[in-house]
Amino acid sequence: QDMNREVVKTDCATARIPELDFEIPAFSQKGVASAALASLKRVLQATDKEVASKIDEFIAKLKQLKELQSSFTFIIDDPSGNSFVENPHAPQKDDALVVTHYRRTPQQAAMLGLEGEEMEEKPADSVEDLRNEVLQFNTNCPECNAPASTNMKLVQIPHFKEVIIMATNCDSCGHRTNEVKSGGAIEPQGTRITLRITDPSDMTRDVLKSETCSVEIPELEFELGMGALGGKFTTLEGLLKDILELVERNPFTLGDSSTPSKAEKMQEFLGKLQEIIEGRTKVHFIMDDPAGNSYLQ
């Protein structure tokens, strides 16, 4: 029954039978051992009778094993991990079959062409690793549900704290999103930041708006709730443009469901917001974050 087991032996695997002191090296053979030895014996018979007779003896022993006249051990050593010997009792344990996993040596990695991937892992600070590395994981696009990839990176904001920036790009529909999550704990006290916008250069200030932060512009009697827009790390101009786009996209304010009076008021509001973005109107910009994780440069 053991002779009926299915076996997968890749080119880079070494096959051994210790009882015969026999080994088929990696990348040396794809066919059957006895057939290859028989062809070698025919070549040697014309030149070296002694070696040919030893091969004869060996082929006879190999045939005895094939006919199972005695028990033997068959070992496949595959650095790539892609070889296989069937367990006919699966999922139960097979007492006759032992599978051992091991870490590749640099020589084995070089043989497989993996020198670049099998670098020795040097111990490093895990936080430092995250700062220098962009992590990527598979997600689905929120717009078209096609498979997409999300990149995640830990970023240190100067004179503030660390945040996690997450960006999703969809190759199918071109949809892009980016969101910021706070990398630290909730602060002991909340933060309320008030900026009096007096110059167009104020629009270039960096802004970190966490997902718990609400935004207020008293002069426009406008307030954006803490759940809206999620976490953002952008400039003040970028945040105001996101607010402008959010208001424009609302179907109840400017869509078919809106009334003419509401639409007129909304257009007036959008015009004032555009003036602020262009630096033509002086207003107060207030960020209120009970978690204390927002920042204005």
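Biologist: In this predicted model, what makes strand S10 (residues 191-196) and strand S15 (residues 284-289) a pair?

Modeller: Two strands pair if DSSP finds at least two bridges between them, and S10 and S15 are joined in the antiparallel sense over six bridges, so the criterion is met. One of the positions concerned is isoleucine 193, whose bridge partner in S15 is methionine 287.

Biologist: How do you know that strand S12 (residues 214-217) also pairs with S15?

Modeller: Three bridges join S12 to S15, and the two run antiparallel, which satisfies the requirement of at least two bridges. Here valine 215 stands opposite methionine 287 in S15.

Biologist: Why is helix H7 (residues 260-277) said to span close to the expected length?

Modeller: The expected span is 1.5 Å times one less than the number of residues; for the 18 residues of H7 that gives 26 Å, and the helix reaches 26 Å from its first C-alpha to its last.

Biologist: What makes the buried residues of H7 line one face?

Modeller: Ala263, Met266, Phe269, Leu270, Leu273, Ile276 and Ile277 are buried, and, seen down the axis of H7, the buried residues fall within an arc of 130°, so they line one face of the helix. On the other side, Pro260, Glu264 and Lys265 are exposed, each having over 50% relative accessible area.

Biologist: Which residues touch the most other members of the largest nonpolar core?

Modeller: Of its 27 residues, these are Ile217, Leu240, Ile243, Leu273, Ile276 and Phe285, while S10, S12, strand S13 (222-224), helix H5 (236-249), H7 and S15 each supply at least two residues.

Technical notes
Residues numbered from 1 in each chain as written. Predicted model: local features only at pLDDT ≥ 70, side-chain atom pairs only at ≥ 80, totals over all residues. Heavy atoms only, no water. Helix = DSSP H or I, 4+ residues; strand = E, 2+ residues; numbered from the N terminus. Buried < 20%, exposed > 50% of the residue type's maximum accessible area, 1.4 Å probe, protein only. Arc of directions from axis to C-beta. Core = buried A, V, L, I, M, F, W, Y, C linked by side-chain atoms within 4.5 Å.
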